[in-house]
Amino acid sequence: MKKTLFYTVILCLFFNQFSISQVSEDPEIRKMIGEIKTENLEATIHKLVSFGTRHTLSDTKSKTKGIGAAQQWVKSEFDKAALESGGRLTAAIDYFTIKADGKRIPVDSQLGNVMATLKGTDPADNRVLIISGHLDSRVSDVMNVKSTAPGANDDGSGVAAVIELAKVMSKRSFPATIIFVAVVGEEQGLYGARHLAELAKASNWNIVAMLNNDMIGNSLSSGTNLRDNTQLRVFSETIPFLETEEEAKMRKSINRDNDSPSRLLARYIKTVTEQYVDQLTVKLVYRNDRFLRGGDHTPFSQNGFTAVRLCEMNENFDHQHQDLRTENNVVYGDLPEFMDFEYLRKNTCANLAALANLAWSPKAPVNVGIEVKKLSNSSTLIWSAPEGNQPLGYQVLMRETASSHWEKTFFTKDAQIEIPYSKDNYFFAVQSVDALGHTSLPVFPIPIR
């Protein structure tokens with residue numbers, strides 16, 4: 001035991017200066033990031049704005065105006081990307097009917113999510129990653145289907161990111177499946193996202209991560225006039241919406257309140273973003289969404305999936321949910337001229353870094369546990385290898401209980417490790433890693449008695 005602990009101490013001293021940002025980098029991810037172009041994103045925004053309004057209940061027959069024309073155009077962009085995908089990318093509009101709700105859906109209506117599916121190449125890998133933005137727009141009156149509602153940033157920015165990522169990533173193959181989707185009905189009550197989440201649950205999709213991008217292209221806040229294009233907020237829930245009595249009991253006993261699957265995903269996004277994207281820091285916001293507000297990731301969380309929201313650091317309410325007008329020399333409206341397209345590019349790259357790393361990563365380790373058979377000031381973690389392609393090894397992540405993000409990593413090729421840090425003072429998680437540094441989502445350990 002003393003000899004084992006000695007070697008463990010040596011290992012830990014070696015890794016004491018080894019930070020998460022120093023893991024191996026994949027040059028192909030760097031290459032893809034270089035292919036995300038500001039001018040492409042800007043052109044997409046202007047095209048989306050050209051449809052006049054993309055209100056969920058607007059015109060579906062016109063070829064140039066309204067939500068119907070916008071849906072067809074987004075699908076045509078996905079179809080173009082499909083031509084360069086070697087048959088791996090397919091696009092469709094998933095139409096569905098929403099019953100009148102007496103609120104924001106006055107009559108039964110047909111809605112449609114525009115989806116592009118990049119099928120995974122490994123038949124034994126059923127993991128699914130979803131990235132979304134919402135296609136619909138609105139003005140001050142959420143029921144106004146006629147007035148011009150540009151929706152440049154809200155949420156043309158999210159849709160532009162989704163389209164650009166589909167174009168870049170579909171040129172590569174990944175073992176896991178990636179779904180790029182422009183949902184509708186967000187402003188009317190998250191209807192498109194709820195339809196997709198319920199479809200995924202009924203179909204038993206193994207969704208390991210859902211990234212909702214809603215307003216990621218504005219860097220100037222209203223009121224304060226602060227400009228910040230170096231930070232991106234990621235919102236994540238604390239206690240999962242779907243939690244069994246047994247899961248709640250375990251969460252309370254091991255103090256896992258700050259380590260829900262969504263929160264582990266948020267930290268993952270922070271890690272890979274700050275590794276691959278220059279001059280961009282992820283701000284972890286420990287709530288499901290902004291105060292008393294919601295987004296398209298919420299129906300996924302409510303259906304038991306791991307989902308987060310990515311959102312600009314500063315919102316500008318003069319250019320959000322506003323009729324186009326000028327009052328007291330202030331121009332109101334969600335127009336392209338108020339966006340920061342370089343900021344949008346960086347935020348799009350953050351999504352790419354997360355999606356590519358996850359889609360190329362080995363599956364996460366299973367049966368991850370921490371020994372509690374005896375009292376000790378060291379910690380022993382044990383796990384089992386995942387199914388499918390085997391990882392090069394595993395990374396154990398560690399942070400102090402008061403820290404928001406992981407502070408140290410320890411690499412091992414074994415399925416267990418003993419480290420001289422007390423489980424009383426630190427939180428841990430374990431992730432699989434391959435030779436190029438692609439890491440799975442971390443798994444929080446449970447007690448092994």
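Student: At about what angle does helix α9 (residues 261-276) run to β7?
Tutor: This is a predicted model: local features need pLDDT of at least 70, side-chain atom pairs count only at pLDDT 80 or more, and totals for chains, interfaces and linings use all residues. Residues are numbered from 1 along each chain as its sequence is written, and side-chain values use heavy atoms, leaving out hydrogens and water. Axes are lines fitted to C-alpha atoms, for helices over the stretch in contact (heavy atoms within 4.5 Å), and angles run from 0 to 180 degrees between N-to-C directions. Helix α9 lies across β5 (206-213), β6, β7 and β8, and its angle to β7 is about 165°.

Student: Which strands are the edge strands of the open sheet?
Tutor: Helices (H or I, at least four residues) and strands (E, at least two) are DSSP runs, numbered from the N terminus. Two strands pair if DSSP finds at least two bridges between them. The sheet has eight strands with mixed pairing, in the order β1-β2-β4-β3-β5-β8-β6-β7. Two strands pair on one side only: β1 and β7 (281-285).

Student: Which residue of β8 stands opposite L232?
Tutor: Strand β6 (residues 231-235) and strand β8 (residues 307-312) run antiparallel, joined by four bridges. Opposite L232 stands E312.

Student: Which strand does helix α11 (residues 341-360) run at about 165° to?
Tutor: Helix α11 lies across β3 (127-134), β4, β5, β6 and β8. The angle of about 165° is to β3.

Student: How far apart are the end C-alpha atoms of helix α4 (residues 66-83)?
Tutor: The expected span is 1.5 Å times one less than the number of residues. For the 18 residues of α4 that gives 26 Å, which agrees with the end-to-end distance of 27 Å.

Student: Are F51 and W73 buried or exposed?
Tutor: Rings of Phe, Tyr and Trp (its six-membered ring) pair if their centres lie within 6.5 Å; planes under 30 degrees apart count as stacked, over 60 as edge-to-face and the rest as tilted. By this rule there are seven aromatic pairs. The rings of F51 and W73 have centres 6.5 Å apart and planes at 55°, so this pair is tilted. By accessible area (1.4 Å probe, protein chains only; buried under 20% relative, exposed over 50%, partly exposed in between), F51 and W73 are both buried.

Student: How far does the charged end of R399 sit from the centre of the W406 ring?
Tutor: A charge sits over a ring if NZ of Lys or CZ of Arg is within 6 Å of the ring centre and within 35 degrees of the ring normal. R325 lies over the face of Y332, at 4.2 Å. For R399 over W406 the distance is 4.8 Å.
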